[in-house]
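Biologist: Please show me the chain and its model, and then I will put my questions one at a time.

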Amino acid sequence: MTHLDFLSPNLAAADARWASPLERALAHAHAGIEDLSRTGVIEVRGELDGLDAAGAEVVRLTPERALVLCPFEEAGRLRSRVSGARRLVVDLSAGWAGLRIQGETLMRRLTDLDLDALPSAGIVAHVHGLVVRDEGDVFRIYFAQEYGHSVAEAVIDAAEGLAR
């Protein structure tokens, strides 16, 4: 198996409408919390050396497992490009949701992960996810989309607690 059709946006019907799993939860979110659910997420297992992922971000989780993050619209083409004889490649884009948040203090309220050792997989807002640190105190969290509303609410509640 090289992909799961129902998780691959480029294999959806032409009239399909994408909707963020975080849309309702983030309707009243504070500045500094951004929906990243339109991120393409390709899981690659096997030989990672020589991975042709130009224009995408490769987040190695183990020596033989990585998530490749890319623009949502590029996921199908990227999946084809990184496929190889010694790799299992699965497009998980529609199965993941994501948030960009600002503030190290906020992140420390959401996770016990070592924020100086990112990227890392672990528990964030009581859900297993992937955390990536961008410049300074900006973080990206990726997690299973079915937990989207719960995670978004936890992030918003923690942010509101800090704003008081």
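**Questions on the model**

Biologist: Is R65 buried, partly exposed or exposed?

Modeller: A residue is called buried under 20% relative accessible area, exposed over 50%, and partly exposed in between (1.4 Å probe, protein chains only). R65 has a relative accessibility of 28%. That value lies between the two limits, so R65 counts as partly exposed.

Biologist: Which pLDDT do side-chain atom pairs need in order to count?

Modeller: Residues are numbered from 1 along each chain as its sequence is written, and side-chain values use heavy atoms, without hydrogens or water. The model is predicted, so totals for chains, interfaces and linings use all residues, local features need pLDDT of at least 70, and side-chain atom pairs count only at pLDDT 80 or more.

Biologist: In what order do the elements of the chain run from the N terminus?

Modeller: Helices (H or I, at least four residues) and strands (E, at least two) are DSSP runs, numbered from the N terminus. The chain has three helices and nine strands. From the N terminus on, these elements follow the order β-β-β-β-α-β-β-α-β-β-β-α.

Biologist: What share of the exposed area of the chain comes from carbon and sulfur atoms?

Modeller: Of the 164 residues of the chain, 43% are buried. Accessible areas come from the Shrake-Rupley method with a 1.4 Å probe, and for residues only the protein chains shown count as cover. The chain exposes about 8,800 Å², and the part supplied by carbon and sulfur atoms is 48%.

Biologist: Which strands are at the edges of the open sheet of five strands?

Modeller: Two strands pair if DSSP finds at least two bridges between them. The sheet has the strand order 1-6-9-8-7 with antiparallel pairing. The strands that pair on one side only are strand 1 (33–35) and strand 7 (120–124).

Biologist: Which helix packs on this sheet?

Modeller: Strand 1 and strand 6 (residues 96–102) pair in the antiparallel sense over three bridges, and D35 has L99 of strand 6 as its bridge partner. The packing helix touches strand 1, strand 6, strand 8 (127–133) and strand 9 (138–144), where contact means heavy atoms within 4.5 Å. Its direction makes about 10° with that of strand 6, the axes being lines fitted to C-alpha atoms, for helices over the stretch in contact, with angles from 0 to 180 degrees between N-to-C directions. It is helix 3 (residues 148–163).

Biologist: How far apart in sequence are the parts that E43 and R65 tie together?

Modeller: A salt bridge is a side-chain nitrogen of Lys or Arg within 4 Å of a carboxyl oxygen of Asp or Glu. E43 forms one with R45, at 2.5 Å between the closest N and O atoms, and E43 is buried at 11% relative accessible area. The side chains of E43 and R65 also meet in a salt bridge, at 2.7 Å from N to O. E43 lies in strand 2 (residues 39–46) and R65 in strand 4 (residues 65–71), so the parts they tie together are apart in sequence by 22 residues.

Biologist: Where does D49, the partner of R60 in a salt bridge, lie?

Modeller: The side chains of D49 and R60 meet at 3.7 Å, N to O. R60 lies in strand 3 (57–62), and the pair ties together parts that are eleven residues apart in sequence. D49 is exposed at 53% relative accessible area, while R60 is partly exposed at 44%. D49 lies in the loop between strand 2 and strand 3.

Biologist: Which element gives the most residues to the largest nonpolar core?

Modeller: A nonpolar core is a set of buried Ala, Val, Leu, Ile, Met, Phe, Trp, Tyr and Cys residues joined through side-chain atoms within 4.5 Å. The largest has 26 residues, and I33, L99 and F143 are among those with the most contacts inside it. Strand 6, helix 2 (104–110), strand 8, strand 9 and helix 3 each supply at least two residues. With six residues, the one that gives the most is helix 3.

Biologist: What distance separates the C-alpha atoms of L36 and I141?

Modeller: L36 is found in the loop between strand 1 and strand 2, and L36 is buried at 10% relative accessible area. Not counting residues up to four places away in sequence, L36 touches G98, L99, R100, R140 and Y142. L36 and I141 are 105 residues apart along the chain, and their C-alpha atoms are separated by 8.6 Å.
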